[in-house]
Amino acid sequence: MRRLRDHTLSLTFGGLFLAALVGQAFAGWAAFNSDQVAAGLGQLRLVEYLTSANFAVDVAENWQSEYLQFLLYILGTVWLVQRGSPESKELDKAGVESERDQKVGRYAVGDSPRWARSGGARTAVFSWSLSLMMGSIFLASWAVQSVAGWASYNEEQLERLQDPLTWVQYAFGSDFWSRTLQNWQSEFLAVGSMAVLSIYLRQRGSPESKPVGQPHTSTGVEG
Amino acid sequence: MVATVLSGCAASPAPAAAIGDQFYRAVVGADWPTACALLAPETKASLEQTAGKACPAALQDEELSDPGPVGRAVEYGTMTQVRYEQDTVFLARFQSGWKVMAAGCSPVPGHPYDCRVQGG
């Protein structure tokens, strides 16, 4: 039970993710079939919808933007700072910091990960592994969005009695960039808001906030 | 002369193209009831409403001609486009199978195809 309690954050969000994905599947299926009926076209069974380009593009376009958001936040906060924000590190620590600060190579501590201790390429890769993973998932999701969006858009083109586009035409076209940018703008707004609002506002008990009594001018202090 | 198909983007456009072939075979053979049975419900209803007569007679009035040899078929989800040498047909997938959504279509640059038979 205690072991379970130690992982409530990941378990809760994992559960919320699955519940929301199931909800999206049913709501998206109903919306798709409603549009099909309105256009005098055939409806899909649930399993057909779940394997359709329409469902895939709706999932992938949100995944790519979320992973891009975290990737940029992880990388941006290496060099960019925000006075007074708990999301920022201390103002004079901008950059990748020293080996000693990062506990790598000969500065590794007793239970440091093996790849932090070994030095060389392994340590270099491990030092960037979080960004590499988030960036890889972002690029993979974005690629899936481009292919699934292309197929979905071409289905609509045929419904409108128009010729389908090539992938290149789609990737440089308005539908792909509209889907992409409408997600990006909201992610950037949320990140920027978080960095600024957390200067002046507090959430008692949250590590994403400064302690309630911490001065507004304190930077890099988490609750 | 209506042949069977082809190349395409998705898994297997052949079943849709086969329906297109069947439709034009019926048209060329003046088998109007068979051709009408292959039309999508919305397309058939629109045809009958516009012409003010039952589908077989209304379809005959559209003077669809032999589309020539089949060219390329592309399938995306519930839609397929089959190009013949002198014609293009659009098919939609229903639970009962592929149906002709628009036929006798000619390209209009920058706009939807101009079709002799279509829904809506």
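**Exercise 1. Is S127(A) buried, partly exposed or exposed, judged by its relative accessibility?**

Solution. The model is predicted: local features need pLDDT of at least 70, side-chain atom pairs count only at pLDDT 80 or more, and totals for chains, interfaces and linings use all residues. Residues are numbered from 1 along each chain as its sequence is written, chains are lettered from A and ligands numbered from 1 in the order in which they are written, and side-chain values use heavy atoms, with hydrogens and water left out.

Step 1. Apply the cut-offs: buried means under 20% relative accessible area, exposed means over 50%, and partly exposed is in between (1.4 Å probe, protein chains only).

Step 2. S127(A) has 49% relative accessibility and therefore counts as partly exposed.

Step 3. Place the residue: S127(A) is in helix α7 of chain A. Helices are DSSP runs of H or I with at least four residues, strands are runs of E with at least two, and both are numbered from the N terminus.

Step 4. Add a distance: the C-alpha atoms of S127(A) and W115(A) are separated by 8.7 Å, with the two residues 12 apart along the chain.

**Exercise 2. Describe the largest pocket and its lining.**

Solution. Step 1. Fix the term: on a 1 Å grid over the protein atoms alone, a pocket is an open set of points where a 1.4 Å probe fits, with protein on both sides within 12 Å along at least five of seven lines; lining residues have an atom within 4 Å of a point.

Step 2. The space in the largest pocket comes to about 700 Å³. Grid points are joined across faces, edges and corners, and the volume is the space filled by probe spheres set on the points.

Step 3. Of its 21 lining residues, V78(A), V96(A), Q102(A), S127(A) and W128(A) are the closest to the centre.

Step 4. Two or more lining residues come from each of α4 (53-79), α5 (99-102), α7 (120-127) and α8 of chain A.

**Exercise 3. Is S131(A) buried or exposed, and which residues does S131(A) touch?**

Solution. Step 1. S131(A) belongs to helix α8 of chain A.

Step 2. Its relative accessible area is 11%, so S131(A) is buried.

Step 3. Leaving out residues up to four places away in sequence, S131(A) touches L71(A), I74(A) and L75(A); contact means heavy atoms within 4.5 Å.

**Exercise 4. Trace the sheet of chain B strand by strand.**

Solution. Step 1. The order of this open, antiparallel sheet of five strands is β1-β2-β3-β4-β5 (chain B). Two strands pair if DSSP finds at least two bridges between them. The edge strands, each pairing on one side only, are β1 (70-76) and β5 (111-118) of chain B. Neighbouring strands are turned by 30° against each other on average, direction ignored.

Step 2. β1(B) pairs with β2 (residues 79-84) of chain B over five bridges, and V74(B) stands opposite Q81(B). Two residues separate these strands in a hairpin, where G77(B) in the turn has a positive phi of about 60°.

Step 3. β2(B) and β3(B) also pair over five bridges, with Q81(B) opposite F90(B). Their hairpin runs through three residues.

Step 4. β3(B) and β4(B) are joined by six bridges, and A92(B) faces K99(B).

Step 5. Five bridges link β4(B) and β5(B), with A102(B) opposite Q118(B). In their hairpin G110(B) takes a positive phi near 80°.

**Exercise 5. Why is β2(B) called largely enclosed, and which helices lie across the sheet strands?**

Solution. Step 1. Five of the six residues of β2(B) are buried, so the strand is largely enclosed by the rest of the structure.

Step 2. Helix α8 (residues 129-159) of chain A lies across β1, β2, β3 (88-94) and β4 (97-108) of chain B, at about 120° to β1(B). Axes are lines fitted to C-alpha atoms, for helices over the stretch in contact, and angles run from 0 to 180 degrees between N-to-C directions.

Step 3. Helix α3 (residues 41-51) of chain B lies across β3, β4 and β5 of chain B, at about 70° to β5(B).

**Exercise 6. Which residues have the most contacts inside the largest nonpolar core?**

Solution. Step 1. A nonpolar core is a set of buried Ala, Val, Leu, Ile, Met, Phe, Trp, Tyr and Cys residues joined through side-chain atoms within 4.5 Å.

Step 2. Within the 27 residues of the largest core, those with the most contacts are F23(B), L39(B), L59(B), V82(B), V89(B), L91(B) and V100(B). α1(B) gives the most, with seven residues.

Step 3. A second, separate core has 20 residues, including A151(A), L158(A), M79(B) and Y113(B).
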